[in-house]
Amino acid sequence: MPQSRAASPRARTEPGAVDVVVVGAGFAGMYMLHRLRQQGCTVQVFETAGDVGGTWYWNRYPGARCDFPSMDYSYSFDPDLEQEWEWTEKYPTQPEILRYAQHVADRFDLRRDIRFRTTVAAMVWDDDRARWTVHTDQGDEVSARFVVHASGPLSKWKKPEVPGLESFRGAWYHTARWPHEGVDFTGRRVGVIGTGSSAIQAIPLIAQHAADLTVFQRTPNFAIPAHNHPFAPGYQDGVKARYREMREQARVSMFGVALPMPERSALDVDPEERRRVYDHAWNDPDNGLGDMYVAFTDVLVDKTANDTAAEYVRQRIRGIVEDPDVAETLCPKDYPILTKRLCLATDYYETFNRDNVQLVDLRKTPLVEITPAGVRTTDRQYEVDDLVLATGFDALTGALTSIDIRGRGGQRLKDKWAAGPRSYLGLAVHGFPNMFVVAGPQTPTVLSNIIVSIEQHVEWISDAIRHVDEHGVGRIEATAEAEDAWVAHTREVASATLFPTSHSWYLGSNVEGKAREFMVYLGGVGPYRAKCEEVAAKDYEGFVLDRSPAAAGAERQHAAAAGPGAGGG
Ligand code: N01
């Protein structure tokens, strides 16, 4: 829980110096700033966008909506905030979530410490001074004792790896960089490349306006109906009345939402009972993604059990899509369900029954190039006026490795992670002292309600910073041994599941040349939290807390120079 104890004044020691630089002003960066301020730190946040909101600032494509329920997908750190904010629907739209982020920024006066339209380009660790020097694309140079990366696991967007985009005569839009004024597709011939979560939300709406829509699919995805709906009168009040209890359950859960955990194997029940369970996940108006993940104990670990769920969804697709060839093309068959992110859909499969929509199977006829007139596959040219790239992200590591981060001895993070990310608890990296990551690789974040994970990381990191301050520590750094053990543990947990068997952004296999390393800690939100708490309780076991006079002295000297009461960021 956030601390509201009196600030221990410690502040700028020189122009352009702060206690903490935070990279990113999405949900992670905003709470990090708020929390650090509460404990008396001076903070400078840098944000590429023109305002707060992170992913919800950028991803403005038609139909963009969260796939966790709004009553769960919100901050829990301030009971007044959660009581005063009114959501309107089961799943919040992008504009609604952005308004919420803006409300939080106003409420806690966050923007005064955030430099917008500014991208962190590089940072260098100075071991003698125990400080980071942070450089931005706007020419800023800021010295900080700590750096916290809150740049998001899904923020570094990627284009399709085919030539010719620059030659395209029409307009192209990436779902993660959608124009703020929106796009009018009325009467246009539109091509969409990609069929992940973003495309599955956008395609049904684009199809309603476009003259022709051509969907270029490389890998089909599993999707279940969202059953989105406005809240019934009184529903929200009922949830708010038991919010504290719900939040506590979410914190110790597997996926960051309170869900009943399964007790039965899919293979121990008869086909009718299996169908009943899957029907519930498909039909229930209050269903959610989680219902499939927790349908049975073994859907994530046993291929035969998983096949029962996969076949159920395939049968549903065949029941919706009228053209049997199109239906088969939309049926995923070569990876286990849930090992790529399950999608929530509103009329996605139904859209392929429209006369103005065609599906191109890139497995049969791969994409060759983008031409001035459209898209060329191995068998023909498709002419389009507009292209929508729903081609995803260099997930989990991309935002970090695109910054030139140089740790102890000048080591570059990008080089250290060339064969895959290496971290301790996903929160810290050996060789990169006083640097923390929120919602990074080797944490459960992307397979959880991300706000629950963000709050846990932010609270753990700010507690760690307070701890080192209170104990005269100048440097905190993960040991190589602790990091090796965490990497091995992350791999071991993943290898007991079906996840690493499919090509997904969890594994880095969606980015050409990226190392294949399963990047999500699958131990679950609750057990991961317990592990982090245990580490902190054991005086940050697995970290070196450098209390040497050199490290601590550098800090004391700066603090003394600042004098009490200096503030601002
Ligand atoms: O990206 P994706 P996304 N040629 O990587 C295809 C979250 N999210 O933006 O699968 C042809 O899932 C690629 O094909 P393949 C959520 O966690 C949440 O949709 O690599 N095709 C794939 O079909 C999600 O998982 C929400 O074979 C190419 C698609 O592009 C994550 O963000 C909404 C290609 C990319 O799909 C990412 O979702 C949206 C190429 N060269 C997103 N390159 C909600 O909360 C890529 N593709 C609801």
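Let me start with the ligand in this predicted model. Its surroundings comprise 27 residues, and those that come nearest are Lys-158, Glu-161, Ser-198, Arg-218 and Thr-219. Sorted by class, this shell holds 10 nonpolar, nine polar and eight charged residues. Helix H5, spanning residues 197–209, gives the most to the shell, namely three residues.

Several polar backbone atoms lie beside ligand oxygen atoms. For Ser-197, the distance from a polar backbone atom to an oxygen of the ligand is 3.0 Å. For Ala-390, the corresponding value is 3.2 Å, and for Arg-65 it is 3.5 Å. On its own, the ligand has 910 Å² of accessible area, of which the protein covers 90%.

I turn now to the second largest pocket. Its volume is about 680 Å³. The lining consists of 32 residues, with Pro-69, Asp-72, Ala-258, Leu-259 and Asp-286 nearest the centre. Two or more residues are given to this lining by each of helix H6 (235–241), helix H7 (243–251) and helix H9 (289–293). H9 has the largest share, with four residues. In terms of class, the lining of this pocket divides into 19 nonpolar, six polar and seven charged residues.

Next, the enclosed spaces. How many cavities of 30 Å³ or more are there? The count comes to five.

The largest cavity holds about 60 Å³ of space. Its lining is formed by Ser-74, Ser-76, Arg-247, Arg-251, Ile-451, Val-452, Glu-455, Gln-456, Glu-459 and Arg-529. Helix H15, residues 450–470, and H7 each supply at least two of these residues, and the largest share, five residues, comes from H15. Two lining residues are nonpolar, three are polar and five are charged.

The second largest cavity has a volume of about 50 Å³. Among the residues lining this cavity are His-149, Pro-153, Leu-396, Leu-400, Val-437 and Gly-440. Here the division is eight nonpolar, four polar and no charged residues.

Finally, a remark on a single residue, Gln-83, which lies in helix H3, residues 79–84. Is Gln-83 buried, partly exposed or exposed? Its relative accessibility is 37%, and Gln-83 therefore counts as partly exposed, since that class lies between the 20% and 50% limits. Along the chain, Gln-83 and Tyr-243 are 160 residues apart, while their C-alpha atoms are separated by 8.7 Å.

Definitions and conventions. Residues numbered from 1 in each chain as written. Predicted model: local features only at pLDDT ≥ 70, side-chain atom pairs only at ≥ 80, totals over all residues. Heavy atoms only, no water. Near = heavy atom within 4 Å. Polar contact = N/O pair within 3.5 Å; in protein donor to acceptor, adjacent residues only side chain to side chain. Areas by Shrake-Rupley, 256 points an atom, 1.4 Å probe, with all protein chains shown as cover. Nonpolar A, V, L, I, M, F, W, Y, C, P; charged D, E, K, R; others polar. 1 Å grid on protein atoms, 1.4 Å probe; cavity = no way out; pocket = protein on both sides within 12 Å on 5 of 7 lines; lining within 4 Å. Points joined across faces, edges and corners; volume = space filled by probe spheres on them. Buried < 20%, exposed > 50% of the residue type's maximum accessible area, 1.4 Å probe, protein only.
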